[in-house]
Amino acid sequence: VKHAIYHNKFIIIDEKTIITGSFNFTKAAEFKNAENLLIMRNNPGLAKRYIDAWWHDWQQALSKEDFLERKNSFSKTGNEE
């Protein structure tokens, strides 16, 4: 199954630090929303798992053209999959 949207939120830093959670890096997230953010440091094994997951999801993603084609077909029919 190809993903229509990549919605995971994580940052991998220096191959041993991961930041993840619901937090979007916006003013609303910082000052208005109830968000969570987890920073995991000095864990290269876990960072590798996140890197591997990112590459897996990247390979599953729709191309921009396929995404736009699918989006346009939803607009015409009013249906979403």
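Of the contacts in the chain with a separation of 6 or more, 46% come from residues 24 or more positions apart; contact here means heavy atoms within 4.5 Å. The model is a predicted one, in which local features need pLDDT of at least 70 and side-chain atom pairs count only at pLDDT 80 or more, while totals for chains, interfaces and linings use all residues. Residues are numbered from 1 along each chain as its sequence is written, and side-chain values use heavy atoms, with hydrogens and water left out.

As for the fold, the chain has three helices and three strands, and these run β-β-α-β-α-α along the sequence. Helices (H or I, at least four residues) and strands (E, at least two) are DSSP runs, numbered from the N terminus.

On to the surface. Just 14% of the 81 residues in the chain are buried, where buried stands for under 20% relative accessible area, exposed for over 50%, and partly exposed for anything in between (1.4 Å probe, protein chains only). The chain's accessible surface is about 6800 Å², with 53% of that belonging to carbon and sulfur atoms; such areas come from the Shrake-Rupley method with a 1.4 Å probe, and for residues only the protein chains shown count as cover.

Two loop residues are worth a look for their backbone angles. Glu15 is not a glycine, yet it has a positive phi of about 55°. Glu15 lies in the loop between β1 (10-13) and β2 (17-21), and is exposed at a relative accessible area of 59%. Asn42, not a glycine either, has a positive phi of about 55°. The loop holding Asn42 is the one between β3 (37-40) and α2 (44-60), and with 60% relative accessibility Asn42 counts as exposed.
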